[in-house]
Amino acid sequence: MPTIGAAACVAALRASVRSGATLVQAFEELQGAPFAVPELTRFRIDMAVRSRCSLQEQHKHVDQLGVELHAACTLSLQLGCEMSRCLEAVAASLKRRRLLDDLRTNAFAMPQATVKLLMALPLLTVMLGECMGAHPLRFLVEDVKGWMCLGFAGCCYAVGWYWIRRLMRQEHVR
């Protein structure tokens with residue numbers, strides 16, 4: 001079966017339920033294979049959704065989508081509320097999560113570009129100095145003072161690199 005994405009999976013489930021299919025039939029149709037026992041479990045929901053989502057999307061949204069779909073199905077079966085409305089709520093939640101991911105990506109685009117430029121700046125400075133005839137490489141490698149400057153700059157560079165990586169990871173985890 002071709003991959004259609006998480007949003008399309010929820011839309012396909014909504015369409016199946018609205019056209020009169022049961023939940024089990026809707027998930028069987030989504031997966032493209034019948035279940036051995038006509039029972040809807042969290043594992044079966046996850047497998048049906050994973051079979052139709054791309055690998056990139058599976059890492060981001062599929063686990064949470066499986067939890068929400070299972071909760072919606074359980075809520076609909078226990079309380080008797082309309083399943084299409086529950087699936088509509090799941091679709092809205094998925095849309096909000098995607099929007100949040102897009103906003104986070106856009107918010108981090110400028111700081112990441114700035115970090116890349118700042119990390120390349122020492123090398124660019126040395127190269128520009130060589131082009132201008134100042135010979136900074138000769139100063140850095142021929143004299144003890146140059147080796148001390150190079151060592152100190154290397155330590156500062158490594159600490160800054162580690163600090164920036166750690167900040168970016170913490171923000172991506174949140």
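Here are three short exercises on the structure above, each with a worked solution.

The model is predicted, so to speak of local features a pLDDT of at least 70 is needed, side-chain atom pairs count only at pLDDT 80 or more, and totals for chains, interfaces and linings use all residues. Residues are numbered from 1 along each chain as its sequence is written, and side-chain values use heavy atoms, leaving out hydrogens and water.

**Exercise 1.** Find which residues of helix 2 are buried.

*Solution.* Start with the terms: a helix is a DSSP run (H or I, at least four residues), numbered from the N terminus, and buried means under 20% relative accessible area with a 1.4 Å probe, protein chains only. Next, go through residues 23-31: the buried ones are Leu23, Val24, Ala26, Phe27, Glu28 and Leu30. Then look just past helix 2, where Gly32 has a positive phi, near 90°.

**Exercise 2.** Decide whether Arg97 is buried or exposed.

*Solution.* First, locate Arg97: it sits in helix 5. Its relative accessible area is 17%, so Arg97 is buried. Now list its contacts (heavy atoms within 4.5 Å): leaving aside residues up to four places away in sequence, Arg97 touches His61, Gln64, Leu65 and Glu68.

**Exercise 3.** Work out which helix gives the largest share of the lining of the largest pocket.

*Solution.* A pocket is an open set of points on a 1 Å grid over the protein atoms alone, where a 1.4 Å probe fits, with protein on both sides within 12 Å along at least five of seven lines; lining residues have an atom within 4 Å of a point. Helix 5 (83-132), helix 6 (136-142) and helix 7 (144-173) each give two or more residues to this lining. The largest share, 5 residues, comes from helix 7.

How values were computed. Buried means under 20% relative accessible area, exposed over 50%, partly exposed in between (1.4 Å probe, protein chains only).
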